[in-house]
Amino acid sequence: MTRLCSLTIIGIGLCLLFCHVVTVAGLSIDAKKIRAISFDVTGTLLATKEPVVKSYHDAAVWAKLPDPPSQDELKKAFKIAFKERSIESPCFGGVEGISGREWWQTTIQSVLHHCGRDDYTKDAFDRYFRRVYQHFGSPAGYMVLEDAESLLQSMEDVGLVLGITSNTPIRHMESVLPMLDSFHDKFSWFTCSQEVGFEKPSREIFEDAFEKAKFWLGDENLQPESILHIGDS
């Protein structure tokens with residue numbers, strides 16, 4: 001499976017539709033051989049509607065947390081907490097065998113800890129956590145990137161099978177994409193690191209996507225070079 005940076009998504013897509021050979025980052029791709037395209041989600045097809053730390057701060061104000069952390073505090077704390085938690089429990093809890101909700105609950109507790117806010121009551125934290133978790137599990141948190149939908153439709157129109165291969169949590173596949181004007185209907189397969197237990201760029205997650213692509217194309221002899229992955233990892 002050939003992997004390309006998401007920054008080139010529109011250019012690559014147009015070349016695949018109208019050219020015979022595409023050359024990107026030193027790679028030559030025979031567009032005629034491409035039968036399926038795999039996409040990352042966040043940063044490739046979707047983006048948050050506002051900076052993550054603003055959403056975290058607004059949730060703290062809404063939850064009436066005493067001395068709510070500032071956006072600057074949250075920015076530093078989130079970076080540290082997310083990195084620590086991803087090492088402790090990779091794939092949003094998929095390796096550890098816990099739910100994504102549990103993973104985020106512990107992570108957000110760590111964010112507040114790194115902001116120096118360890119003294120909130122359980123009720124206060126629960127209000128805050130639920131607000132954050134609801135926001136990023138709903139259309140309020142995300143937007144479809146410009147031109148992404150029309151590009152996907154053009155790819156479908158020429159017979160390409162589309163799928164998702166992503167390190168994002170399961171609920172992006174099961175909740176967020178369906179709520180964005182049924183955006184999920186454009187994809188045949190969904191491979192998620194939280195389910196597979198491996199993150200991109202690990203071989204295992206791409207092997208899972210490859211097997212699903214073979215099913216949807218109905219071709220057990222499908223070759224890896226017939227699938228293109230567009231994403232940031």
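The exercises below, each with a worked solution, concern a predicted model.

**Exercise 1.** Describe the largest pocket and its lining.

Solution. Start with the volume: about 510 Å³ of space lies in this pocket. Next, take the lining, which has 22 residues; Thr 42, Phe 82, Trp 104, Tyr 142 and His 172 are the closest to the pocket centre. Sort the lining by class: 13 residues are nonpolar, 6 polar and 3 charged. Then assign the lining to domains: domain 1 (33-46 + 145-230) and domain 2 (50-136) each give at least three residues. Finally, list secondary structure: among the elements that each supply at least two lining residues are strand 5 (46-48), helix 3 (71-88) and helix 7 (170-179).

**Exercise 2.** Determine how the buried residues of helix 6 are arranged around its axis.

Solution. Buried means under 20% relative accessible area. In helix 6 (residues 148-157), Ala 148, Leu 151, Leu 152 and Met 155 are buried. Viewed down the axis of helix 6, these buried residues fall within an arc of 100°, so they line one face of the helix. The general rule is that an α-helix has 3.6 residues a turn, so residues three or four places apart point the same way.

**Exercise 3.** Locate two non-glycine residues with positive phi, and state whether each is buried or exposed.

Solution. Most residues other than glycine have a negative phi. Lys 64 has a positive phi of about 60° and is found in the loop between helix 2 and helix 3. For Asp 181, phi is near 55°; Asp 181 is found in the loop between helix 7 and strand 8 (189-192). Exposed means over 50% relative accessible area. Lys 64, at 70% relative accessibility, therefore counts as exposed. Asp 181, at 70%, also counts as exposed.

Methods
Residues numbered from 1 in each chain as written. Predicted model: local features only at pLDDT ≥ 70, side-chain atom pairs only at ≥ 80, totals over all residues. Heavy atoms only, no water. 1 Å grid on protein atoms, 1.4 Å probe; cavity = no way out; pocket = protein on both sides within 12 Å on 5 of 7 lines; lining within 4 Å. Points joined across faces, edges and corners; volume = space filled by probe spheres on them. Helix = DSSP H or I, 4+ residues; strand = E, 2+ residues; numbered from the N terminus. Nonpolar A, V, L, I, M, F, W, Y, C, P; charged D, E, K, R; others polar. Domains from an automatic or database assignment. Buried < 20%, exposed > 50% of the residue type's maximum accessible area, 1.4 Å probe, protein only. Arc of directions from axis to C-beta.
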